[in-house]
Every structure is written in C-alpha cells, then in structure tokens.
Amino acid sequence: MKVLVPVKRVIDSNVKARVRPDQTGVDLANVKMSMNPFCEIAVEEAVRLKEKGAADEIVVVSIGPIQAQETIRTALAMGADRGVLIQTDVDVEPLEVAKLLKAVIEKEAPGLVLMGKQAIDGDNNAVGQMLSALLDWPQATFASKVEIDGSKVKVTREVDGGLQTLELDLPAVVTADLRLNEPRYASLPNIMKAKKKIIDITAVADYGVDLAGHLKVLKVTDPPKRTAGVKVENAAELVAKLKTEAGVI
Amino acid sequence: MAVLVIADHDNASLKDSTHKTVTAAKALSGDVDVLIAGQGVDGVAAEAAKIEGVRKVLVATSDALGQHIAEAITAAVLPLAPSYDAILVPATSVGKNFAPRLAAKLDVAPISEIVEIVSPDTFVRPIYAGNALETVQSSDAKKVITVRATAFKAAGEGGSAPIEQIAAGDGAPKTRFVSDEIVKSDRPELAGAKIVVSGGRAMGSAEEFHRVIEPLADKLGAAVGASRAAVDAGYAPNDYQVGQTGKVVAPQLYIAIGISGAIQHLAGMKDSKVIVAINKDSDAPIFQVADYGLVSDYKTAVPELMDALTAAGK
C-alpha cells in the first residue's frame with residue numbers, strides 16, 4: 001500500500017511568533033522554520049507502517065516556497081521514499097490546499113493519507129477533513145493509534161472526555177494527534193541517503209486549481225496582554241483576597 | 001439571514017458550549033435554529049428548545065449520529081444548508097471534526113475557532129497558539145464557522161421553541177463505530193467549569209497528582225486540569241490537558257499548581273477571569289499572567305490552602 005503524507009513548513013515550534021508592526025502578519029524573516037510538529041508525527045507513523053510491512057511506499061507532498069524542499073528532505077531522511085513539491089510563494093488557504101492535495105492523490109492513488117491534525121501557524125485544523133470530503137473518503141481525525149487490517153484501518157481518536165475507536169474502509173484520511181508517537185531523529189547515514197531521493201517540483205498551474213481565495217486577512221494583531229498581579233505571602237492571604245477582593249470563591 | 005447552530009451534546013444532555021454558540025449566532029441574525037444530531041436525544045432537544053432566542057429546534061436521529069461520526073453529521077446537515085446563510089458549530093472535538101468536512105462539501109472556506117464577530121462577514125480568530133489574532137473577512141455567501149465557546153457568554157433560558165424531526169441522511173457507509181472510552185466523573189466538565197485547579201510536572205507522579213490536586217478541586221467544586229508536561233509524563237489523563245493542543249478554558253478562577261507556564265499552556269487559560277499561580281520558582285513565567293502569585297512549594301502551600309479554605313467556610 002502506498003501512503004501519502006502532506007507536510008507543511010512552518011515557524012519552528014520553539015520560536016515565539018511576533019506580529020509585524022504593520023499588522024500584515026507574523027514576522028517570518030530570519031526566523032527558524034521547521035516541519036509542522038503534527039506533520040512530523042504523521043511522517044513517523046507512515047515510516048512505522050512501512051517498517052511493519054503495512055505500507056510499501058511513502059510519498060511526501062508539500063505546498064509552499066522552494067525552501068519547503070528542506071521540509072520534504074527532512075521527511076525523506078526519516079524514511080519516506082520520494083517527494084512532491086507544489087511550489088508557490090502565495091499563502092494557500094486550507095480549502096485550496098485540500099483541492100491541490102486531491103489532485104495529487106488522484107494521480108498517486110495512495111491507500112491511505114496520513115497527515116497532521118493542524119498546522120501550528122494558522123491553527124485551522126481543517127485540511128484533513130476537507131480533503132476526505134472532496135475525495136468522498138472516510139475520515140478519522142485526532143488519531144492516537146492507527147492499525148491497518150487488510151482493506152481497513154482501525155483508528156483510536158482523542159475526543160473530549162476520552163477516546164473513540166472507529167474502523168474505516170481504505171482508502172481513508174487519518175489525521176495525527178500529539179500522542180500518536182514520538183518522531184525519530186534522522187540518523188546521519190539516512191540524511192545522506194535522503195539527498196539522493198527524488199523530489200518532483202511542480203507548479204500550482206499543473207493541477208488546475210484556482211487560488212482566488214475565499215478569505216482575506218484584514219489584519220493580524222497582538223492578543224490583549226495580561227499584566228502580572230501581586231504576590232501573596234501565604235495561603236491565608238490568598239484565600240482572603242480571592243474571597244473579598246476578587247469575589248470568586 | 002438565518003443561522004443554524006449545530007448543538008454539542010452527549011445524547012443525554014446539552015453542553016453549555018451550545019448556549020454560547022447561540023449567543024454568537026444571535027450576533028449574526030435574529031433567526032437562529034438549533035440542530036440536534038444524535039440518538040435518543042428527546043431530553044437534549046427539550047433543553048435546546050428552552051434557550052432564549054431560538055426559533056426552532058431540528059432533530060435528526062440515527063446510530064451514526066449518536067456516535068458523532070463526521071460523515072453522518074455532514075450528510076444530515078447538507079440538505080439543510082440552502083436554508084441558512086451561516087452554520088455555527090461549537091469548536092469541540094465533535095464540531096472540529098465535522099465542520100471542515102461540511103464546508104468542503106459546500107465549497108466554502110471554514111473559519112475556525114472565532115473569538116469575536118466584527119461584522120456578518122468579518123471575524124477574529126487566534127493563530128500561532130494564541131500568540132496573534134487574525135481578523136479575517138470571508139467572501140463566501142454561506143459561512144461555516146466553529147466558535148470558541150469560552151469567548152462568548154451563554155444564552156439564557158426562557159424560550160419555548162418548537163421541535164421538528166428531520167431526515168437523518170445517508171449515515172457513514174465507509175465508517176464503523178468500534179468503541180468509546182469516556183471517563184465518567186462527578187466533577188464539572190473542564191471546558192465549562194467555573195473553577196479549574198490544574199497541576200503540572202512538579203507533581204512528579206500520578207499518585208501525587210491525585211493526592212494533591214483532586215482534593216483541592218473537590219473542595220472548590222472545581223474541574224481538574226493539567227499541563228501538557230504533566231500529561232506527557234503520564235501523571236494525568238490526556239483529556240485533562242489545558243493548552244493550545246488540549247482544551248481552552250476561561251473559568252472565573254484558574255489555579256495553576258506547579259505549572260511553569262509554557263506559551264502552549266498559557267494559550268489555553270490566559271482568558272480566565274482570575275489566575276492564581278503556586279510555584280516554588282519565583283521566576284516561573286506563570287507569574288507574569290497570574291493575578292495572585294504564591295511563591296511556595298506546593299507540598300506546603302496546598303495543605304495550607306486547604307486549611308485556609310476550611311477556615312473560610314469552604
């Protein structure tokens with residue numbers, strides 16, 4: 001079975017996002033960029049499926065600037081087999097990302113799409129669900145366990161209050177939550193090997209998807225700041241303040 | 001224009017996030033309908049009918065809807081879509097699961113986790129784990145929106161909307177429900193609790209977490225939360241996690257015990273009305289957002305706090 005893993009290049013999760021003074025967005029100049037952490041978990045899961053013999057080829061797809069090749073290369077070093085970059089310098093909305101991925105999938109015909117539940121920049125949590133809708137495939141989001149069983153996949157999902165387990169007919173779209181696995185660090189020999197793996201560089205125009213956009217970002221601002229309050233000396237003073245000053249107990 | 005709110009519920013009772021989403025819907029339109037998609041939901045529908053300002057309550061029932069399967073909910077809602085200009089969904093694990101699927105079927109761009117309505121086509125939503133707020137304008141004639149419930153007040157009671165049965169749709173032919181493991185608790189639900197007591201990595205073990213955090217929570221009638229570090233270390237279950245990747249809470253009182261205050265965690269609780277931090281490290285970032293800080297080891301501070309609460313009649 002072929003597994004397709006879409007990945008996104010985002011600001012590194014350890015870097016604090018700073019709003020540009022002109023309020024047009026978040027400053028990405030000279031900021032460390034990495035693979036979105038949830039995408040990394042999806043790549044790891046795909047590699048584990050291959051190691052278990054449940055998958056035989058892993059194709060990684062990214063949509064973004066030419067530098068997104070580095071993100072694909074990271075996935076190849078983790079164990080993916082080849083990459084496809086849809087090169088564009090414009091911000092692509094989730095719905096259009098889903099349409100572009102659908103076009104890739106119709107060509108590649110994977111048995112399973114494994115992807116992150118959300119990207120940590122836009123925090124939309126939408127592409128996986130939209131992709132499965134466009135393909136009319138079943139979906140399982142927020143996966144914490146994925147088991148392939150012939151033509152089916154059993155997925156345990158993290159939901160409010162606990163876990164839900166579903167069984168989907170393949171092909172299907174599964175989105176990864178935090179606790180699905182802990183991604184590996186690529187070894188030096190694998191990083192070297194990844195340099196020889198193939199990345200197809202394509203253009204949005206190759207897929208016939210209109211990027212006109214449905215959403216317009218009017219401005220990006222800092223959230224309201226909370227200021228530090230007071231330090232109390234002991235628990236008794238704390239309770240007194242909560243009771244009389246704040247009135248919350 | 002008319003707005004459809006798709007209710008969050010567990011088939012037994014309506015979740016407060018529904019009332020809050022109705023408030024958001026009322027900011028868009030005077031004609032707000034509520035859909036209950038589930039199984040055995042007569043009680044839930046009756047609760048929804050009482051929400052003030054609701055025009056009518058629609059009820060769709062099937063096993064797959066009762067199991068909150070995204071494909072089934074989407075199939076039930078699609079035939080209703082032509083009657084509405086906006087579909088609002090609480091941003092819970094169920095809502096976040098089906099809303100983008102519904103949007104894609106309607107060829108519209110979903111707008112995730114709005115915290116403010118600027119105008120009928122313009123919304124504010126957090127991005128970058130709440131480190132920035134994006135004001136976004138939609139050109140879609142029909143809008144599919146998930147609502148961060150903590151940002152809106154709950155709609156009141158006192159309505160008596162009519163209840164109408166509708167078709168359940170095609171279900172989810174390619175998806176089968178296997179099992180649920182839902183943790184039953186007598187404590188209030190984390191997302192809607194008035195008081196939340198959260199523990200961090202400082203607890204050191206699951207036993208210590210139970211021993212320290214839970215009695216304090218029970219004394220205050222509070223929900224129990226945890227930092228991601230505490231959850232990752234196995235001290236607390238996954239669904240206790242407060243933060244960008246867990247639950248976003250905004251209670252009247254949030255008490256953080258042994259939590260340093262990583263950005264990730266702050267994104268999930270910084271809209272709480274009053275924040276209390278107890279931490280032995282006076283430089284912990286949590287103190288920068290806390291209204292009341294107590295620099296002390298939780299091992300001495302929490303027993304003292306229990307005693308002080310008892311003395312104060314709690």
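User: What makes helix H3 of chain A largely enclosed by the rest of the structure?

Analyst: In this predicted model, a residue is called buried if 20 or more other C-beta atoms lie within 10 Å of its own. By that cut-off, 11 of the 15 residues of H3(A) are buried, so the helix is largely enclosed by the rest of the structure. Among the buried residues are A:Leu95, A:Val97, A:Leu100 and A:Ile105, and the charged names A:Glu96, A:Lys99 and A:Lys102 are on the list too.

User: Which elements do the buried residues of H3(A) pack against?

Analyst: Within chain A, they pack against strands S1, S4, S5 and S6 and against helix H4, and helix H5 (93-105) of chain B joins these partners.

User: How do you know that the reach of H3(A) is close to the expected one?

Analyst: At 1.5 Å a residue, 21 Å is expected for its 15 residues, and the helix reaches 20 Å from its first C-alpha to its last, which is close to that value. After H3(A) comes A:Ala109, with a positive phi near 50°.

User: Why are H6(B) and H9(B) called roughly parallel to each other?

Analyst: Angles under 35 degrees count as roughly parallel, and the axes of these two helices cross at roughly 20° while coming within 11 Å; H6(B) and H9(B) are therefore roughly parallel to each other. Their crossing is left-handed.

User: Which residues meet where H6(B) contacts H9(B), and how do they divide?

Analyst: From H6(B), B:Val212, B:Pro215, B:Leu216 and B:Lys219 meet B:Tyr298, B:Val302, B:Leu305, B:Met306 and B:Leu309 of H9(B). These residues divide into 8 nonpolar, no polar and 1 charged.

Methods: Residues numbered from 1 in each chain as written. Chains lettered and ligands numbered in written order. Predicted model: local features only at pLDDT ≥ 70, side-chain atom pairs only at ≥ 80, totals over all residues. Axes fitted to C-alpha atoms, helices over the stretch in contact; angles between N-to-C directions. Helix = DSSP H or I, 4+ residues; strand = E, 2+ residues; numbered from the N terminus. Parallel < 35°, antiparallel > 145°, perpendicular 65-115°, else oblique. Left-handed = near helix turned anticlockwise from the far one by under 90°. Contact = placed C-beta atoms within 7 Å. Expected span 1.5 Å × (residues − 1). Buried ≥ 20, exposed ≤ 12 C-beta atoms within 10 Å, placed from the backbone.
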